[in-house]
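Me: Please take me on a close look at the empty spaces in this model, and at the residues around them. I would like one connected account that ends with the aromatic rings.

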Amino acid sequence: MQDTQVKLQAALKQAVRGRISRREFTQLALASGVSLAAANGMLTKAYADEPKKGGTFKIGVGHGATTDSMDPGTYPDQFTGTALWGTLANSLTEIDADGNVVGDVAESFEASDGAKKWVFKVRKGITFHDGRTVTADDVVASLQHHRGEESKSAAKSLLKEIVSLKADGPDTVVFELSGGNADFPYTVSDYHMPIMPKKDDGSVDWESGIRTGAYKLEKFEPGVKASFTRNENYYKPGKGWFDRVEFYSIKDVAARTNALLSGEIHYMDRCDLKTLDMLKSNPAINVSEITGYGHYIYVMNVTAKPFDDVNVRLAIKHSMNRDEVLEKVVLGHGTVGNDNPIAPTVKFAVDPQPRHSYNPDKAKEFLKKAGLDSLSFDLSVADAAFSGAVDSALLWKEHAKACNIDINVIREPDDGYWDNVWLKKPFVASYWSGRPTVDWMMTTAYAADAAWNDTFWKNPRFNELLVAARSETDEAKRAAMYAEMQQILHDDGGLVNMLFNSYVEAHAANMGHGKVAANWQLDGMRIAERWWFT
């Protein structure tokens, strides 16, 4: 029976690829004891699952700003990340649909000297969009782009541990680190680190948009639109099926939803959870929900008064009823947070204690320790931060009243939020996609010198552990260090992690794909490379 099923599946693949006729497959299926209806169903599903070239894929994204740039060190969100990296470019490595790190521009990587030395081999036959062959020199220049003294790149802190970076021949890149780092291949998969052509002066050409990806840049209008055409010389077999791909920045969720329903776009991220049932009832629309590492948060600048007092921070953390926010704002599509940015599914994650649950008496107790009977502060929010940011802030305002805390919710414009509010105002709504390793998340957002340290928090013990844990090869010791770091951040940091959100996205029903990655939204931000029209 098992042999028969194997033969039938093999014949199904032959039929889909045109090597035997539908009639021949049906006859074989009937002879195997499969009904005619079942055989036709198998064929229909197989044809839908089989990738096909063609069409223009249009994606509506709830991010984008007129200040967006082609410089990858500045990419702030899913619009630039998905369009200008996942569609246009490749990094040395990538995260697959199972959360594993695999080679991308690099065909292999190997560690030695306690993971202090890493050797990456550049995949043979890769070319840039202008036909030039990718070499180790291009890789070196691309990573050096983020490491300069004056660099403002979001990836700068991730690469700080590099002591030496050099090419050893045309296809070998050697990294020497200040300490061992078993997670280093994960680090260089980051979407801020695409491989770009080296210029004669040793810098890289980031301005032109010439990269290595499945699609070539046609036009980029910051905060509006980005369009691409297929790269016929792409080095990954079975990737890049569309003729063209177009991204649209549609920050208003109602406008995104209407664009999907009208057929103006084929895919939207960050669905309005209040209208999800309406989308699900439409036979032309499929809704997907993926549990990833992302989290909806509020962040306070711990160097600004009154947030420079840890007792004030703890009072604030106990003033939100997160369970009610989860139920009323995101309608259960997530998991309550506990002021730790490490998702429960990430290796070495812990749940620090005590949990920061809603407790007016506890909040008042911490206010008293801070020498206060009451507290008032401004909270800047916009749904550009995350869907439901405004609603959750207004609900929090009501919760906080019982704690003698008055939250003045300031609704900021969606446009320019990440440039004019985030990292500028002292208490804001924010969002992180999360990262697949503890080190990557903490180094990007909570290390003292991180470009995106949006709480401006600098804890000496935390930073000491961050460096020590990175090079610790004993897993038990490393786990203990990461547990202590998460506890310190929970107790002392300026992060209010409201909840870990699910990625709820919707697309036209005539789209095919494989297993969807959970490391970023939009299928690991590589949706244009991985999906197709059925």
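Reply: A good place to begin is the second largest pocket, whose lining divides by class into eleven charged, six nonpolar and three polar residues. Please keep in mind throughout that this is a predicted model, and that each value here is computed from it. The space in this second largest pocket comes to about 380 Å³. Its lining is made up of 20 residues, and those nearest the centre are Val253, Asp272, Asp383, Ser387 and Gly388. Two elements, α7 (253–262) and α12 (389–401), each give two or more residues to this lining.

From there we can turn to the largest pocket, which has a volume of about 470 Å³. Trp418, Asp419, Trp422, Leu423 and Trp452 are the closest to its centre among the 18 residues that line it. When these lining residues are sorted by class, nine are nonpolar, five are charged and four are polar.

Pockets are open, whereas a cavity is a space where a probe fits but cannot get out, and the structure holds six cavities of 30 Å³ or more. The largest cavity contains about 190 Å³ of space. It is lined by 15 residues, of which Pro76, Asp77, Tyr191, Tyr431 and Trp452 are the closest to its centre. Trp452 therefore links two parts of this account, since it is listed among the residues closest to the centre of the largest pocket and among those closest to the centre of the largest cavity, where a lining residue is one with an atom within 4 Å of a point of the space. Strand β16 (residues 427–432) gives the largest share of the cavity lining, three residues, and by class the lining has nine nonpolar, four polar and two charged residues.

The second largest cavity has a volume of about 140 Å³, and nearest its centre, out of 14 lining residues, lie Arg270, Tyr296, Asn501, Ser502 and Val504. Here strand β17 (residues 495–508) gives the most, with five residues, and the lining as a whole divides into seven nonpolar, five polar and two charged.

Tyr431, from the centre of the largest cavity, and Tyr296, from the centre of the second largest cavity, lead us to the rings. Both belong to one aromatic cluster, together with Tyr298, Phe307, Phe377, Phe386, Trp396 and Phe427.

Across the whole structure, a search finds 31 aromatic pairs. One of them joins Phe120 and Phe184, whose ring centres are 6.2 Å apart and whose planes meet at 70°, so the pair is edge-to-face. Phe120 belongs to strand β5 (residues 117–122) and Phe184 to helix α6 (residues 184–187), and the pair links distant parts of the chain, 64 residues apart. Phe120 and Phe184 are both buried. Another pair, Trp440 with Trp520, has its ring centres 6.2 Å apart and its planes at 85°, so this pair too is edge-to-face. Because Trp440 lies in helix α14 (residues 438–445) while Trp520 lies in the loop between β18 (511–512) and α17 (521–524), the pair ties together parts that are 80 residues apart in sequence. Trp440 counts as buried because its relative accessibility is 1%, and Trp520, with a relative accessible area of 3%, is buried as well.

A ring can have a charged neighbour too: the charged end of Arg526 sits over the ring of Trp85, 4.7 Å from its centre.

Definitions and conventions. Residues numbered from 1 in each chain as written. Predicted model: local features only at pLDDT ≥ 70, side-chain atom pairs only at ≥ 80, totals over all residues. Heavy atoms only, no water. 1 Å grid on protein atoms, 1.4 Å probe; cavity = no way out; pocket = protein on both sides within 12 Å on 5 of 7 lines; lining within 4 Å. Points joined across faces, edges and corners; volume = space filled by probe spheres on them. Nonpolar A, V, L, I, M, F, W, Y, C, P; charged D, E, K, R; others polar. Helix = DSSP H or I, 4+ residues; strand = E, 2+ residues; numbered from the N terminus. Phe/Tyr/Trp six-rings, centres within 6.5 Å; stacked < 30°, edge-to-face > 60°. Buried < 20%, exposed > 50% of the residue type's maximum accessible area, 1.4 Å probe, protein only. Lys NZ or Arg CZ within 6 Å of the ring centre and 35° of its normal.
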